[in-house]
Amino acid sequence: MLYNLAKRGVKCVLFEKGELTCGATWHAAGLVTRFHGGNNFRLWHDEGVNLFSQWQAEGTPLSFHTPGSIRLIPNQRDYIDEAKYQVSKAKIFSGLFECEQHHMISVDEIKEKHPLVNLEDTGIYGGIFTEGDGHIDPSSVTNAFADRAKGLGGTIEQKTEVVGKLQSFQVSQALQSDRNASWGCALRS
Ligand SMILES: Cc1cc2nc3c(=O)[nH]c(=O)nc-3n(C[C@H](O)[C@H](O)[C@H](O)COP(=O)(O)OP(=O)(O)OC[C@H]3O[C@@H](n4cnc5c(N)ncnc54)[C@H](O)[C@@H]3O)c2cc1C
């Protein structure tokens, strides 16, 4: 958020009670995907993956690997219908927004792409393959966002806990104040 706000010229501060990445990000496996069932999130996911690819190509070390991903489809009517719906929708999105497509693949194609997977007696119908999906180092990508946000004028205050907020404070003021002005929130360092 700090990066995207700073990019739009909004002067803002990120308060972190510990250190960057010490929350859920610390535990994340780092899987990233273009796939999402919802329309807006689908575009958002695509934007993220494209950004990671671009930054890595520009030389930012992100440990971003993109072998693609396979979503397994159980051999049940509802799951198969949903999978076909998502693949068709991805095709439309590809035409409209140049998003990466998803592809239905058979059990044999899954085995070909991932020889270690054992689908014997699993009742798997097939899979949805998404090119460009992969995994990234969550810590590296967080720091890449932080560095860029700071470069754009954003501020990061670590070891600073927000412990309350002022009732009458306006959000616009909070975003426009500087460090010495009232932030509209109570802090504990
Ligand atoms: C085991 C596990 C595996 C995961 N695997 C994946 C994955 O493969 N792919 C994926 O996309 N997502 C995955 N996730 C989800 C992903 O980790 C989170 O969606 C993401 O890290 C959330 O980032 P965040 O910055 O919103 O939250 P966080 O990383 O939790 O950051 C919130 C920060 O706020 C700080 N904070 C809290 N309260 C205050 C306060 N009062 N004042 C100041 N600072 C405060 C915390 O210290 C923390 O650092 C996984 C999550 C877990 C737990």
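These questions and answers walk through a predicted model of one chain.

Trainee: How many helices and strands are there in the chain?
Mentor: The model is predicted, so treat the assignment as computed. Of the 189 residues of the chain, 16% count as buried. Among contacts between residues at least 6 apart in sequence, 69% join residues at least 24 apart. The chain has six helices and nine strands.

Trainee: In what order do the three strands of the open sheet stand?
Mentor: Start with the pairings. Strand 3 (residues 69-74) runs antiparallel to strand 5 (residues 124-130), joined by six bridges. Strand 4 (residues 102-106) also pairs with strand 5 in the antiparallel sense, over five bridges. The order is 3-5-4.

Trainee: Which strands stand at the edges, and why is one side of each left without a neighbour?
Mentor: The sheet is open, with the order 3-5-4. Each edge strand has a single partner strand, so one side lacks a neighbour in the sheet. The edges are strand 3 and strand 4.

Trainee: By how much are neighbouring strands of this sheet turned against each other on average?
Mentor: The pairing in this sheet is antiparallel. For the turn, direction is ignored. The average is 30°.

Trainee: Which residue in strand 5 is the bridge partner of Met104?
Mentor: Strand 5 has bridges to strand 3 and to strand 4. Towards strand 3, Leu72 has Gly127 as its bridge partner. For Met104, the partner in strand 5 is Ile128.

Trainee: What span should helix 3 have, and how far apart are its end C-alpha atoms?
Mentor: Helix 3 covers residues 77-97, which is 21 residues. At 1.5 Å a residue, the expected span is 30 Å. The prediction agrees with that, as the end C-alpha atoms are apart by 29 Å.

Trainee: At about what angle does helix 3 run to strand 4?
Mentor: Helix 3 lies across strand 3, strand 4 and strand 5. Just after the helix comes Glu98, with a positive phi near 60°. To strand 4, helix 3 runs at about 140°.

Trainee: How far apart in space are Leu43 and Cys99?
Mentor: Leu43 lies in helix 2 (residues 39-57). With 16 C-beta neighbours inside 10 Å, Leu43 counts as partly exposed. In sequence, Leu43 and Cys99 are 56 residues apart. In space, C-alpha to C-alpha, the distance is 7.5 Å.

Trainee: What is the phi of Thr21, and where is Thr21 found?
Mentor: Thr21 is not a glycine, yet its phi is positive, at about 80°. Thr21 has 18 C-beta neighbours inside 10 Å and so counts as partly exposed. Its place is the loop between strand 1 (13-15) and strand 2 (31-32).

Trainee: Is Lys159 buried or exposed?
Mentor: Lys159 sits in the loop between strand 7 (155-157) and strand 8 (161-165). Its phi is positive, near 50°, in a residue other than glycine. The cut-off for exposed is 12 or fewer neighbours. Lys159 has 11 C-beta neighbours inside 10 Å, so the class is exposed.

Trainee: Which residues come nearest to the ligand?
Mentor: There are 15 residues around the ligand. By class, this shell has seven nonpolar, five polar and three charged residues. Those that come nearest are Gly23, Thr25, Ala28, Ala29 and Leu31.

Methods: Residues are numbered from 1 along each chain as its sequence is written. This is a predicted model: local features need pLDDT of at least 70, side-chain atom pairs count only at pLDDT 80 or more; totals for chains, interfaces and linings use all residues. Helices (H or I, at least four residues) and strands (E, at least two) are DSSP runs, numbered from the N terminus. The expected span of a helix is 1.5 Å times one less than its number of residues. A residue is buried if 20 or more other C-beta atoms lie within 10 Å of its own, exposed if 12 or fewer, and partly exposed in between; C-beta atoms are placed from the backbone. A residue is near a molecule or strand if its C-beta atom, placed from the backbone, lies within 6 Å of it. Ala, Val, Leu, Ile, Met, Phe, Trp, Tyr, Cys and Pro count as nonpolar, Asp, Glu, Lys and Arg as charged, and the others, Gly among them, as polar. Two residues are in contact if their C-beta atoms, placed from the backbone, lie within 7 Å. Two strands pair if DSSP finds at least two bridges between them. Axes are lines fitted to C-alpha atoms, for helices over the stretch in contact, and angles run from 0 to 180 degrees between N-to-C directions.
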